[in-house]
Amino acid sequence: MLGVHYAITAEQEKLLLDADGDDDAVSEIIGALEEDWADDALKADTDKAWDAIHRCLTNGTLDPDGGTQPLALAVVGGRHLHDEMYVVYVAPDEVRAVAEALADIDEPWLRARFGDFDDDYDGAADDDDFHYTWDGLVCLKGFYQRAAAAGRSVIFTAM
């Protein structure tokens, strides 16, 4: 699954939250969002690295409730809006907290946690995979800084 984060507008946020509980409506909104998205500064493509990023920021699993906040919110620890795929919402105040927490993470910190994953991790967990994950995290750190500065909520999708 390929992961993408979007810093959504208040109008997009309202549409998604109003659709919560209706997977078809949420899917339709996400589809339109993906198709019409124009602001690359408020989007982060973490490709397949989102999986390892979440595991490193939490407890080595994909458990949305694993780890501690606010780091657990960075990928799949927010409010889930869809039952069949990842559509995860993070509120603007939480976005600011995530941005602050991610700012302190450096490459040695990530390396110390990388590979300490549950058995269900599909990646190679080798040096190339680490660098791929680190690049994804660097992208995500900048994204959360920009989203926080814009006062936006965040939606993470993986399909």
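Biologist: Why is D126 called partly exposed?

Modeller: D126 has a relative accessible area of 37%. Buried means under 20% and exposed means over 50%, so at 37% D126 is partly exposed. Please keep in mind that this is a predicted model.

Biologist: Where does D126 sit along the chain?

Modeller: D126 is in the loop between α5 (residues 107-113) and α6. Its C-alpha atom is 9.2 Å from that of F114, a residue twelve places away along the chain.

Biologist: Let's try another loop residue. How do you know whether T58 is buried or exposed?

Modeller: The relative accessible area of T58 is 5%. The limit for buried is under 20%, so T58 counts as buried. T58 belongs to the loop between α3 (49-57) and β3 (79-80). Leaving out residues up to four places away in sequence, T58 touches G66, G67, A72 and R113.

Biologist: Now for helix α1. What puts the buried residues of α1 on the same side?

Modeller: The buried residues of α1 (10-19) are E13, L16 and A19. They cover an arc of only 135 degrees around the axis, and that places them on the same side of the helix. There is a general pattern behind this: an α-helix has 3.6 residues a turn, so residues three or four places apart point the same way.

Biologist: Which residues of α1 are found on the face turned away from the buried side?

Modeller: That face carries the exposed residues A10, E11, K14 and D18. The buried residues of α1 are covered by parts that include β1, α2 (23-36), β4 (86-90), α4 (92-103) and β5 (153-158). Just after the helix, G21 takes a positive phi of about 100 degrees.

Biologist: On to the sheet. What makes β2 and β3 edge strands?

Modeller: The open sheet has five strands in the order β2-β1-β5-β4-β3, and its pairing is antiparallel. β2 and β3 each have a single partner strand, so one side of each is left without a neighbour in the sheet.

Biologist: How do you know that β1 and β2 pair?

Modeller: Pairing needs at least two bridges, and four bridges join β1 (3-8) to β2, so the two strands pass the test. In one of the matches, G3 has D47 in β2 as its bridge partner. Likewise, β4 and β5 pair in the antiparallel sense over five bridges, and V88 stands opposite F156 in β5.

Biologist: Which side chains of β2 are buried and which are not?

Modeller: The side chains of β2 (43-47) alternate. A44 and T46 point to one face and are buried, while K43, D45 and D47 point to the other and are not.

Biologist: Next, the rings. Why is the pair of W50 and F156 called tilted?

Modeller: There are eight aromatic pairs in the structure. The rings of W50 and F156 lie 5.4 Å apart, centre to centre, with 55 degrees between their planes. Centres within 6.5 Å make a pair; planes under 30 degrees apart would be stacked and over 60 edge-to-face, so 55 degrees is tilted. W50 is in helix α3 and F156 in strand β5, 106 residues apart.

Biologist: What makes Y86 and F156 a tilted pair as well?

Modeller: Their ring centres are 6.4 Å apart and their planes stand at 50 degrees, so this pair is tilted too. Y86 lies in β4 and F156 in β5, so the pair ties together parts that are 70 residues apart in sequence. Y86 and F156 are buried; the relative accessibility of F156 is 1%.

Biologist: How do you know that R111 sits over the ring of F130?

Modeller: R111 lies over the face of F130, at 3.8 Å from the ring centre, and the distance limit is 6 Å. F130 also forms an aromatic cluster with F114, F117 and Y121.

Biologist: Finally, which residues have the most contacts inside the largest nonpolar core?

Modeller: L102 and Y144 do, in a core of 54 residues. The largest share, eight residues, comes from α6 (127-149). Beyond its neighbours within four places in sequence, L102 is in contact with residues including L57, L71, A74 and Y144.

How values were computed
Residues are numbered from 1 along each chain as its sequence is written. This is a predicted model: local features need pLDDT of at least 70, side-chain atom pairs count only at pLDDT 80 or more; totals for chains, interfaces and linings use all residues. Side-chain values use heavy atoms; hydrogens and water are left out. Buried means under 20% relative accessible area, exposed over 50%, partly exposed in between (1.4 Å probe, protein chains only). The arc is that of the directions from the helix axis to the C-beta atoms. Contact means heavy atoms within 4.5 Å. Rings of Phe, Tyr and Trp (its six-membered ring) pair if their centres lie within 6.5 Å; planes under 30 degrees apart count as stacked, over 60 as edge-to-face and the rest as tilted. A charge sits over a ring if NZ of Lys or CZ of Arg is within 6 Å of the ring centre and within 35 degrees of the ring normal. A nonpolar core is a set of buried Ala, Val, Leu, Ile, Met, Phe, Trp, Tyr and Cys residues joined through side-chain atoms within 4.5 Å.
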